[in-house]
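Me: Please take a close look at one part of this model and describe it in some detail. I would like the side chains treated together with the elements that carry them.

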Amino acid sequence: MGCSGVLVRVGLGVVALCIAGYIAGPPLYWHLIEAAKYSSSGCGPCLCDCSSQPMILMPQGLSNTSFGDCAKHNPEVNGDTEKDFVELLSEELELRETEASKIQQRAGMALLEAKKIASQYQKEADKCNSGMETCEEARQKAEMVLVAQKKLTTLWELRARQKGWKEGVAKSHTTA
């Protein structure tokens with residue numbers, strides 16, 4: 001029993017070390033690779049404070065906040081490169097505005113179409129409601145006529161009984 005308890009503890013320790021290595025291993029590996037890259041190139045990492053800069057969108061939709069900030073520190077960057085960058089951003093902005101206006105135009109057309117269809121459905125619903133009201137009025141009139149007819153029938157039946165008529169007995173009248 002004592003030997004199996006030690007084996008269980010050793011097995012759990014090995015599993016815990018494997019899990020820790022699985023979680024912490026890849027970040028440590030990439031950190032070491034980056035450190036080795038900078039130490040072998042002789043150039044330190046760019047010390048850009050990009051957190052205070054607004055996000056710059058590249059034409060492909062990728063963001064690169066360090067490009068503009070690092071270019072300010074690089075004396076080799078000339079005015080032409082900055083002009084090209086501004087032109088690219090302007091073109092991107094124009095393209096997005098054009099796309100947005102097309103989307104807005106399509107949405108407006110879809111809204112008009114939906115309003116037209118809703119208006120047609122409303123007209124059909126109004127016709128249906130009008131027809132239902134007409135039918136209801138006709139039903140009420142028919143019901144009143146039926147009640148009046150029943151009263152008249154009862155009155156005639158009462159007069160006939162007073163004159164001697166009995167239901168189911170038919171008198172034959174012969175003319176001489």
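Reply: Helices here are DSSP runs of H or I with at least four residues, numbered from the N terminus. In this sense Tyr 22 belongs to helix α1, which covers residues 2-41. The model is a predicted one. With a relative accessible area of 69%, Tyr 22 counts as exposed, because the cut-off for that class is over 50%. Tyr 22 is also part of a nonpolar patch on the surface, together with Val 15, Ile 19 and Ile 23. The accessible area of these four residues together is about 470 Å². Residues enter such a patch only with over 30% relative accessible area and no salt bridge, so the 69% of Tyr 22 meets the area condition.

Charged side chains come next. Side chains of opposite charge can pair when their charged atoms come close. The count of salt bridges comes to seven, and three of the pairs are described here in turn.

Lys 116 and Glu 113 form a salt bridge with an N to O distance of 3.9 Å, which falls within the 4 Å limit. Both residues lie in helix α3, residues 79-162, and are three residues apart, about one turn of the helix. Lys 116 is partly exposed at 49% relative accessible area, and Glu 113 is partly exposed as well, at 39%.

Further along, Arg 139 pairs with Glu 136, and their closest N and O atoms are 2.6 Å apart. Why are Arg 139 and Glu 136 separated by about one helical turn? Because they are three residues apart in helix α3. Arg 139 is partly exposed, with 41% relative accessible area, and Glu 136 is partly exposed with 35%.

The third pair is Arg 161 and Glu 157, whose side chains meet in a salt bridge at 2.7 Å, N to O. These two residues also lie in helix α3, with a spacing of four residues, about one turn of the helix. The relative accessible area is 41% for Arg 161, which is partly exposed. For Glu 157, also partly exposed, the value is 33%. Elsewhere, salt bridges with shared partners join Glu 136, Arg 139 and Glu 143 into one network.

Note on methods:
Residues numbered from 1 in each chain as written. Predicted model: local features only at pLDDT ≥ 70, side-chain atom pairs only at ≥ 80, totals over all residues. Heavy atoms only, no water. Buried < 20%, exposed > 50% of the residue type's maximum accessible area, 1.4 Å probe, protein only. Patch = residues over 30% accessible without salt bridge, like charges linked within 9 Å, V, L, I, M, F, W, Y side chains within 5 Å. Areas by Shrake-Rupley, 256 points an atom, 1.4 Å probe, with all protein chains shown as cover.
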